[in-house]
Amino acid sequence: GGTVLANTFGGLFTTGAQSASGFAPAPPATVTYQWTPATNLSSDTIQNPVFTGSATTTYQVVVTTPAGCIDSTTVTVTVLPVPDAPIAADVSRCGPGSVDLSATGDANLVWLDGVPGNVVGTGGNITVDVTDTTYYYVYSDGGSPIQSVGYSDPFSASNVDGNSQFSNAMLFRVDNPAGILLNSVDVYPGLNTTIGASLMTFQIKDSLGTTVYMTVNDTVSEFPGTPQTITFDIFLPQGTYALHNTGVTNLYRNNPGQAGSYPFTVPGEISIVAPWLDPPGISNPNSYYWFYNWQFTGGCLSDTTEVCVAVDQPNLAITGTDSSYCEVGSVTLTGSSTTTAFTNYTWAPATGLSTTTGSSTVASPTETTTYTLTADDGNPNGCTQVAEFTVYVFNNPIVSIDPLEFDTVCIGTDVDLNVVA
């Protein structure tokens, strides 16, 4: 189970083994500490024991100075249960279209289009549109609050620079084994930006340099020096990432003098490790780039459950007993599929057909005609496919022979016989 340690010393600790820190600098070694109960603590007589347990517990610590002065306080470690992974079944449909996905779980359900991936819906039931076989993922969120990390704004730190334009990044690490949902960050448009005209593009890349998220041409909507929230709502599994600004538009940053600020950490959840020069691909710890008031949801998340939406691509073919005839004739046309059990068939145009419904019809057009067959499987959101077949009709020739110059000829005389067709 994940843990949250809320205490009177001002600390907040999450998930797993955490140090009960938050005291002032360590006093002399002759100061003694006594924690009660000792259950699930690495030691009950040191200043900062480590809690590892599965149940919410309130501890008291008694501090005694060499002079015999005594004080005490309490701290509560709240352990939240980790939800089980949701239960969901794979689904299928015929051809592109909409499909309903459903899952059950013991907490709030969040649906993703990948891992990493974007949130595509929440709750037990969602509807998605698919064109090909697609995988979705769903996890249970045990009700974790939105938390923040990083500088709240550029003016909360030193050396504000409101006119910088570089393709740089912030390296960060997701420490939560279950992953986090990166909700948003704030950026501050620079001094030379124009509302409605200046464009911004941001990328999140993984440790291999693969882009897992990208916004394209977000338009500046706030005055220079005013926060503009960039919403991501992307789920990131445990790992190392970089949040990039492409450098198209001036943004606020803090530079120099920020080296002592790193890392910005919410224990067990996320750490902003360092600013990154891109290129040349090196750390620049004296700066803080672009991204303020990082908002994320972590805490107790279940494992993800994969859901496959299988899209069967229907085929439809028309075969004919022949494809042509001379002036008068007929061709039997039959529609069939090797992938789909079609139940409804419609032929068009009706000209020259014995019937416009059914899988077969007899075509007797008097001129070359292309027939279209539309077939479906009878389901409201099911498969529909179209095929064509052309019946070619050729004219019989009209034949005549030019009149002869003489009715009779002598043996051995040449005569031209001219046929006109």
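1. Where along the chain is Asn40 found, in terms of the strands on either side? In this predicted model, Asn40 sits in the loop between strand 4 (32-36) and strand 5 (50-51). Its phi is near 70 degrees, which is a positive value in a residue other than glycine. Most residues other than glycine have a negative phi, and for that reason a positive value is worth a second look. With a relative accessibility of 34%, Asn40 counts as partly exposed, because that class covers the range between under 20%, which is buried, and over 50%, which is exposed.

2. A second residue deserves the same kind of check. Asp233 has a phi near 50 degrees, again a positive value in a residue other than glycine, but Asp233 lies in a strand, namely strand 21 (residues 228-236). At 31% relative accessibility, Asp233 counts as partly exposed.

3. The overall make-up of the protein can be stated briefly: there are zero helices and 38 strands. Of its 421 residues, 38% count as buried, and the accessible surface comes to about 20,700 Å², with 53% of that area belonging to carbon and sulfur atoms. When contacts between residues at least 6 apart in sequence are considered, 68% of them join residues at least 24 apart.

4. One sheet can be followed strand by strand. Nine strands form an open sheet in the order 9-29-14-11-12-21-18-28-15, and the pairing within it is mixed. Strand 9 (91-94) and strand 15 (146-149) stand at the edges with a single partner strand each, so one side of each is left without a neighbour in the sheet. On average, neighbouring strands of this sheet are turned by 35 degrees against each other, with direction ignored. As background, strands of a sheet pair through backbone hydrogen bonds, either parallel or antiparallel.

5. What is the sense of the pairing between strand 15 and strand 28, and how many bridges join them? Strand 15 and strand 28 (residues 292-297) run antiparallel and are joined by four bridges. A residue pair to look up here is Ile146, whose bridge partner in strand 28 is Thr297.

6. A further set of pairings centres on strand 32 (residues 331-336), which has a covered face made by Val331, Leu333 and Gly335 and an uncovered face made by Thr332, Thr334 and Ser336. Strand 30 (residues 317-320) pairs with strand 32 in the antiparallel sense over four bridges, and strand 32 pairs with strand 34 (residues 360-363), also in the antiparallel sense and over four bridges. Thr334 can serve as a reference point, since Thr319 stands opposite Thr334 and Thr334 in turn stands opposite Ser360 in strand 34.

7. Strand 34 shows an alternation of its own: Thr361 and Ala363 point to one face and are buried, whereas Ser360 and Val362 point to the other face and are not. The bridge partner of Leu333 in strand 34 is Thr361; Leu333 belongs to the covered face of strand 32, and Thr361 is one of the buried residues of strand 34.

8. The nonpolar cores come next. In soluble globular proteins, nonpolar side chains tend to be buried together. The largest nonpolar core here has 36 residues, of which Phe172 and Trp294 touch the most other members. Apart from it lies another core, of 19 residues, with Tyr325, Ala363, Ala375 and Val391 among them. Ala363 has already appeared in this note as a buried residue of strand 34.

9. Two peptide bonds should be checked by eye. A cis peptide bond joins Val115 and Pro116, with omega about -5 degrees, and Pro116 lies in the loop between strand 11 (108-112) and strand 12 (117-122). Another cis peptide bond joins Ala348 and Pro349, where omega is also about -5 degrees, and the place of Pro349 is in the loop between strand 33 (344-348) and strand 34. Most peptide bonds are trans.

10. How many disulfides does a search of the whole structure find? The search finds zero. Among the cysteines, Cys69 counts as partly exposed because its relative accessibility is 48%, which falls short of the exposed class, defined as over 50%. Cys410, with a relative accessible area of 59%, is exposed.

Terms used:
Residues numbered from 1 in each chain as written. Predicted model: local features only at pLDDT ≥ 70, side-chain atom pairs only at ≥ 80, totals over all residues. Heavy atoms only, no water. Buried < 20%, exposed > 50% of the residue type's maximum accessible area, 1.4 Å probe, protein only. Helix = DSSP H or I, 4+ residues; strand = E, 2+ residues; numbered from the N terminus. Pairing = 2+ DSSP bridges. Disulfide = S-S within 2.5 Å. Core = buried A, V, L, I, M, F, W, Y, C linked by side-chain atoms within 4.5 Å. Axes fitted to C-alpha atoms, helices over the stretch in contact; angles between N-to-C directions. Contact = heavy atoms within 4.5 Å. Areas by Shrake-Rupley, 256 points an atom, 1.4 Å probe, with all protein chains shown as cover.
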